[in-house]
Amino acid sequence: MSGKLPLIVLGLGNVGQALLRQIIETRRRIADRTSLYLAPIALATTSGLLYDADGLPEETLRTALEMVGRGGKLGDMIGVRSPGDLPATLRPDAIVVDLTASPLTVPFLHAAMERGCGIVLANKIPLAAPWAEARPFYEYPRLRYEVTVGAGLPVIAALRYLLDTGDEITHIEGCMSGTLNYLCAELERGAPYSTAVAQARALGYTEPNPRDDLSGKDVARKALILARTAGWPLEESDLCIEPLYPASLADVPVDEFMAALPALDAEYRARVRKAEAEGQVLRYMARVGPQGGTVGLAAVPKESPLGALHGPANHISLYTARYQFLPLTISGPGAGPEVTAAGVLGDIVELGRLAGTR
Ligand SMILES: NC(=O)c1ccc[n+]([C@@H]2O[C@H](COP(=O)([O-])OP(=O)(O)OC[C@H]3O[C@@H](n4cnc5c(N)ncnc54)[C@H](OP(=O)(O)O)[C@@H]3O)[C@@H](O)[C@H]2O)c1
């Protein structure tokens with residue numbers, strides 16, 4: 001006999017759609033294994049809210065998927081409500097799943113904590129906010145956020161296991177951006193910096209405004225999340241972040257930004273050649289310890305695991321009192337809607353099981 005696990009899902013983008021598909025396809029198998037039957041009761045985007053306290057019918061879930069899959073809005077569906085009705089959907093047995101990249105969900109997440117709901121975040125923003133604002137999320141026992149670093153890779157789970165067994169984390173380092181790994185691999189192949197950025201943009205590897213990736217902010221958010229999980233309440237100002245463009249290009253329109261990039265080609269070519277001459281390659285890395293960290297380009301041996309990284313792969317090393325010289329490393333695809341949605345499912349099932357043992 002399976003108990004229904006009510007889910008309130010915010011965001012139906014790449015990850016939200018993959019999650020919904022996986023729920024429809026796998027929930028019977030998951031129920032057989034865990035006795036938890038995943039029942040989305042609410043689906044919300046900025047345009048609308050679908051809600052049924054008993055669980056949205058599968059047909060409605062499929063129609064919603066079809067609608068957003070072909071570029072439509074949830075708000076155009078029949079029977080849709082205003083996103084403003086969302087607070088009324090909260091109930092203590094529900095799990096709120098934030099698959100947005102928005103700071104606007106924060107008040108709802110606070111309301112969910114007050115009602116005692118479970119919370120699963122793919123959204124890094126609440127966790128990377130200034131510590132005073134982020135702290136309640138880290139301290140709330142029924143909150144999981146595995147996919148915020150390394151997508152489906154069990155990076156946060158490994159950190160929790162180390163901490164739960166009394167180990168002490170000394171520092172963490174790695175490559176956590178598939179987009180910037182791609183860029184580094186292209187530079188290594190001899191592509192000019194401006195061409196490599198334009199190509200990554202054309203292939204959809206970067207955000208439409210490539211500065212969202214090149215600023216290093218997304219990697220810095222991941223580094224902060226790792227640091228805070230390790231027990232170091234760092235602020236963004238404790239990280240030295242190297243953007244891959246000068247400050248003078250920070251605020252110009254995107255077209256102007258792209259047109260200015262060839263002026264940077266010589267500088268990056270020189271950096272790549274210098275590393276090459278020493279048997280090294282450049283990688284965009286994050287390194288954090290208890291006092292702070294760095295996020296930026298670093299030269300690593302060509303023959304090392306980081307030197308061999310290409311494409312969307314991530315590689316994260318955890319150095320601890322027990323894993324002192326040879327770190328515990330986690331490596332594999334660090335992006336992609338399917339593996340990310342699977343990581344979200346893993347968090348949901350874990351919280352559902354916890355609730356069952358309360
Ligand atoms: N894609 C990956 O491989 C990956 C990997 C790891 C983590 N993540 C994280 O997962 C999250 C989702 O990524 P994605 O690629 O699916 O993003 P996306 O395609 O841009 O989708 C974002 C979704 O969030 C909705 N949304 C935005 N603000 C909202 C609000 N205030 N309330 C309710 N819904 C809201 C959007 O709805 P509208 O259409 O109405 O704006 C859209 O449906 C991000 O935080 C991302 O960093 C992604």
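**Exercise 1. Identify the residue in strand 3 that stands opposite A42.**

Step 1. The partner of A42 is Y51 in strand 3. Strands (E, at least two residues) and helices (H or I, at least four) are DSSP runs numbered from the N terminus. Residue numbers start from 1 along each chain, in the order in which its sequence is written. The model is predicted: local features need pLDDT of at least 70, and side-chain atom pairs count only at pLDDT 80 or more, while totals for chains, interfaces and linings use all residues.

Step 2. The wider setting is the link between strand 2 (residues 36-44) and strand 3, which run antiparallel and are joined by three bridges. Two strands pair if DSSP finds at least two bridges between them.

Step 3. An open sheet of six strands, with mixed pairing, has the order 3-2-1-4-5-6. Strand 3 (49-51) and strand 6 (143-144) are its edge strands, each pairing on one side only.

**Exercise 2. Determine the order of the six strands in the open sheet that contains strand 7 and strand 12.**

Step 1. The order is 8-10-9-7-11-12, and the pairing is mixed. At the edges lie strand 8 (239-241) and strand 12, each of which pairs on one side only.

Step 2. Neighbouring strands of this sheet are turned by 25° against each other on average, direction ignored.

Step 3. Helix 10 (residues 217-230) packs on the sheet and touches strand 7, strand 8, strand 9 (280-289) and strand 10 (292-301). The direction of helix 10 makes about 40° with that of strand 9. Axes are lines fitted to C-alpha atoms, for helices over the stretch in contact, and angles run from 0 to 180 degrees between N-to-C directions.

Step 4. Strand 7 (residues 169-175) and strand 11 (residues 313-320) run antiparallel and are joined by six bridges. Within strand 11, S317 stands opposite E173.

Step 5. Strand 11 is also joined by six bridges to strand 12 (residues 328-333), and these two run antiparallel. I316 has I330 of strand 12 as its bridge partner, and A313 stands opposite P333 in strand 12.

**Exercise 3. Describe how helix 1 packs against helix 2.**

Step 1. Helix 1 (residues 14-34) and helix 2 (residues 58-69) have axes 10 Å apart and pack at an angle of about 150°. Helix 1 is therefore roughly antiparallel to helix 2 (under 35 degrees counts as roughly parallel, over 145 as roughly antiparallel, 65 to 115 as roughly perpendicular and the rest as oblique).

Step 2. The crossing of helix 1 and helix 2 is left-handed: the near helix is turned anticlockwise from the far one by less than a right angle, whereas clockwise would be right-handed.

Step 3. On helix 1, Q17, L20, R21 and I24 meet E58, L61, L65, V68 and G69 of helix 2. Contact requires C-beta atoms, placed from the backbone, to lie within 7 Å.

Step 4. By class, this contact of helix 1 with helix 2 has five nonpolar, two polar and two charged residues. Ala, Val, Leu, Ile, Met, Phe, Trp, Tyr, Cys and Pro count as nonpolar, Asp, Glu, Lys and Arg as charged, and the others, Gly among them, as polar.

**Exercise 4. Describe how the axes of helix 1 and helix 13 cross.**

Step 1. The axes of helix 1 and helix 13 (residues 337-356) come within 9 Å and cross at roughly 45°. Helix 1 is therefore oblique to helix 13, and their crossing is right-handed.

Step 2. Helix 1 contributes residues including N14, V15, A18 and L19, and helix 13 contributes residues including P337, E338, T340 and A341. The contact of helix 1 with helix 13 divides into ten nonpolar, five polar and two charged residues.

**Exercise 5. State how many residues of domain 1 are in contact with domain 2.**

Step 1. The domain assignment of the protein, which is automatic or from a database, gives domain 1 (3-151 + 338-356) and domain 2 (169-333). Their centres, taken over C-alpha atoms, are separated by 30 Å.

Step 2. Twelve residues of domain 1 are in contact with 13 residues of domain 2.

Step 3. On the side of domain 1 that touches domain 2, helix 4 (125-128) and helix 5 (131-139) each supply at least two residues. Helix 5 gives the most to that side, with three residues.

Step 4. By class, the side of domain 1 that touches domain 2 has nine nonpolar, two polar and one charged residues.

Definitions and conventions: Two residues are in contact if their C-beta atoms, placed from the backbone, lie within 7 Å.
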